Amino acid sequence: SKREIKMRKHDSTKVRPEQLLHIEDHDFALRPGFGGSPIPVGIDVQVESIDSISEVDMDFTMTLYLRHYWKDERLSFCSNRNKSMTFDGRLIKKIWVPDVFFVHSKRSFIHDTTVENVMLRVYPDGNVLFSLRITVSAMCFMDFSRFPLDTQNCSLELESYAYNEDDLMLYWKYGNKSLSTDEHISLSQFFIEEFSASSGLAFYSSTGWYNRLFINFALRRHIFFFVLQSYFPAMLMVMLSWVSFWIDRRAVPARVSLGITTVLTMSTIMTGVSASMPQVSYIKAVDVYLWISFLFVFLSVIEYAAVNYLTTIEERKQLKKRGKASGMYSIDAVQAMAFDGCFHDTDVDMDLTAFSDCCEKNETPARAASVSNVDTTRIKRKRSLKRNVGRIILQNNHVIDTYSRIIFPSVYIMFNLFYWGLYI
């Protein structure tokens with residue numbers, strides 16, 4: 001019918017986009033208004049997600065929608081209803097588009113599932129909207145001097161590659177409102193404190209001045225993860241090393257093994273933290289805390305070395321005095337413990353009869369008559385030790401141990417107050 005023939009004539013799908021926009025009539029290798037004033041290109045960005053932050057590589061990965069706005073009168077067309085026309089990425093290669101790139105980017109790509117995520121919208125007056133969905137990884141110059149109590153400021157920078165400020169003027173389309181973010185953006189290790197847009201100029205000695213746009217965002221690190229993984233274990237190791245001050249100074253295996261264990265554990269914690277960080281040449285806040293904690297643990301081992309040395313000298317002097325008073329039958333408490341593995345109070349005179357109470361007795365007919373007396377003496381002594389364990393431990397600790405019980409915790413508490421007050 002005549003109506004169907006008329007509809008076929010006005011069916012725009014029968015006309016190629018190049019014919020609708022008169023693309024073949026112009027040379028789109030040249031920018032709009034070539035030879036005249038610079039063409040203004042507006043930019044607005046919607047950040048979809050921040051995919052990752054890498055301290056080791058000092059970079060971040062971000063997915064965003066990048067939209068360009070400019071006017072190209074060569075693409076204007078007649079429209080009775082004043083409606084725009086929308087095209088996909090197949091038309092992009094045939095017209096002029098801004099050559100915006102990401103400064104300091106390491107890698108980037110346009111998403112292409114299920115098709116290339118590119119949109120071109122042309123209005124009858126020649127205004128153009130060009131939109132891309134891009135994932136970009138860019139450098140972030142991080143300062144770890146306060147790690148893990150730090151705040152990192154990163155930025156994604158946009159700039160024209162070929163056109164300087166004489167040919168292209170890059171600006172934020174809607175000012176500060178040109179940058180928008182998804183409400184559900186979150187990171188595992190950081191709080192996103194703010195997003196902001198700014199602009200500036202970049203100078204290259206060979207090509208001149210270029211307009212540059214900045215997407216700035218501040219990241220504050222979650223501290224709770226590092227408290228659980230680094231700070232709290234370090235505190236426990238330091239406090240565990242103080243247990244050595246309450247163990248009898250003659251218990252050499254117990255105190256030495258405790259000291260070595262805490263030292264090795266602190267070394268493991270420090271190695272684990274360093275493995276996940278870049279090899280920077282300056283000291284980080286976590287290094288200060290871990291090294292000071294390691295120093296406290298190490299000093300607890302040195303403290304026992306001093307106690308053991310002074311104890312040995314003191315008991316050698318006592319041995320000489322007892323040797324002069326009681327002759328060859330007197331035996332030192334340290335030597336007795338080395339032979340029988342039993343504790344001996346220094347206030348008790350150690351002679352051969354007392355020494356035989358803890359050792360295996362070689363029963364002979366001559367000593368059989370005194371067995372009952374020995375058993376009675378041993379029972380009385382055990383009861384006396386049970387009643388006076390606390391007194392014996394306190395009396396047999398060196399004066400250095402007594403002072404260490406107060407000095408080490410006090411200094412460590414003051415260090416913690418100073419550290420957290422300085423960095424928080």
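# Exercises on a predicted model

Glu 315 is buried, its relative accessible area being 6%. The structure is a predicted model, and the exercises below begin from this residue.

## Exercise 1: a buried group of charges

Task: Find which residue forms a salt bridge with Glu 315, and work out whether that partner is buried or exposed.

Solution. Start with the contact itself: Glu 315 forms a salt bridge with Arg 250, and their closest N and O atoms are 3.5 Å apart. This pair connects distant parts of the chain, since Glu 315 sits in helix α5 (residues 285–326) while Arg 250 belongs to the loop between α3 and α4, 65 residues apart. Next, take the accessibility of the partner: Arg 250 has a relative accessible area of 8%, and because buried means under 20%, Arg 250 counts as buried. Finally, look for a further contact of Arg 250, which also forms a salt bridge with Asp 248, with the closest N and O atoms 3.8 Å apart. Asp 248 is buried, as is Arg 250.

## Exercise 2: a bridge between two strands

Task: Determine which parts of the chain are linked by the salt bridge between Glu 48 and Arg 133, and state how accessible Glu 48 is.

Solution. First, the closest N and O atoms of Glu 48 and Arg 133 lie 3.0 Å apart, and the two residues form a salt bridge. The pair links distant parts of the chain, with Glu 48 in strand β1 and Arg 133 in strand β7, 85 residues apart. As for accessibility, Glu 48 has a relative accessible area of 26% and is therefore partly exposed. To place this pair in the whole model, note that the count of salt bridges comes to 17.

## Exercise 3: two packed helices

Task: Decide how helix α3 and helix α4 are oriented relative to each other, and give the handedness of their crossing.

Solution. Two packed helices are described by the angle between their axes and by the distance between the axes. Here the axes of α3 (residues 224–242) and α4 (residues 252–275) come within 9 Å, and they cross at roughly 165°. Angles over 145 degrees count as roughly antiparallel, and so α3 and α4 are roughly antiparallel to each other. The crossing in which α3 passes α4 is left-handed. One residue of α4 can then be picked out, namely Leu 264, which is found in this helix and is exposed, with a relative accessible area of 53%. In space, the C-alpha atoms of Leu 264 and Phe 294 are 9.5 Å apart, although the residues are 30 apart in sequence.

## Exercise 4: backbone details in the loops

Task: Locate the cis peptide bonds from Thr 113 to Thr 114 and between Phe 147 and Pro 148, and then examine the phi values of Met 58 and His 104.

Solution. Begin with the peptide bond from Thr 113 to Thr 114, which is cis, with omega near 0°; Thr 114 has its place in the loop between β5 (105–110) and β6 (118–122). Phe 147 and Pro 148 are likewise joined by a cis peptide bond, with omega about 0°, and Pro 148 is found in the loop between β7 (127–139) and β8 (151–160).

Turn next to phi. Met 58 is a residue other than glycine, yet its phi is positive, near 55°; Met 58 lies in the loop between β1 (39–54) and β2 (59–71), and at 24% relative accessibility it counts as partly exposed. His 104, also not a glycine, has a positive phi of about 65°; His 104 is found in the loop between β4 (100–103) and β5, and its relative accessibility of 36% makes it partly exposed.

## Exercise 5: a nonpolar surface patch

Task: Name the residues that form the nonpolar patch on the surface, and say in which helix Val 399 is found.

Solution. The patch is formed by Val 399, Tyr 403, Ile 406, Ile 407, Val 411 and Met 414, which together have about 600 Å² of accessible area. Val 399 is found in helix α10 (residues 399–423). With a relative accessible area of 46%, Val 399 is partly exposed.

Conventions:
Residues are numbered from 1 along each chain as its sequence is written. This is a predicted model: local features need pLDDT of at least 70, side-chain atom pairs count only at pLDDT 80 or more; totals for chains, interfaces and linings use all residues. Side-chain values use heavy atoms; hydrogens and water are left out. Patches are made of residues with over 30% relative accessible area and no salt bridge: like charges are joined within 9 Å, nonpolar side chains (Val, Leu, Ile, Met, Phe, Trp, Tyr) within 5 Å. Accessible areas come from the Shrake-Rupley method with a 1.4 Å probe; for residues, only the protein chains shown count as cover. A salt bridge is a side-chain nitrogen of Lys or Arg within 4 Å of a carboxyl oxygen of Asp or Glu. Helices (H or I, at least four residues) and strands (E, at least two) are DSSP runs, numbered from the N terminus. Buried means under 20% relative accessible area, exposed over 50%, partly exposed in between (1.4 Å probe, protein chains only). Axes are lines fitted to C-alpha atoms, for helices over the stretch in contact, and angles run from 0 to 180 degrees between N-to-C directions. Angles under 35 degrees count as roughly parallel, over 145 as roughly antiparallel, 65 to 115 as roughly perpendicular and the rest as oblique. A crossing is left-handed if the near helix is turned anticlockwise from the far one by less than a right angle, and right-handed if clockwise.
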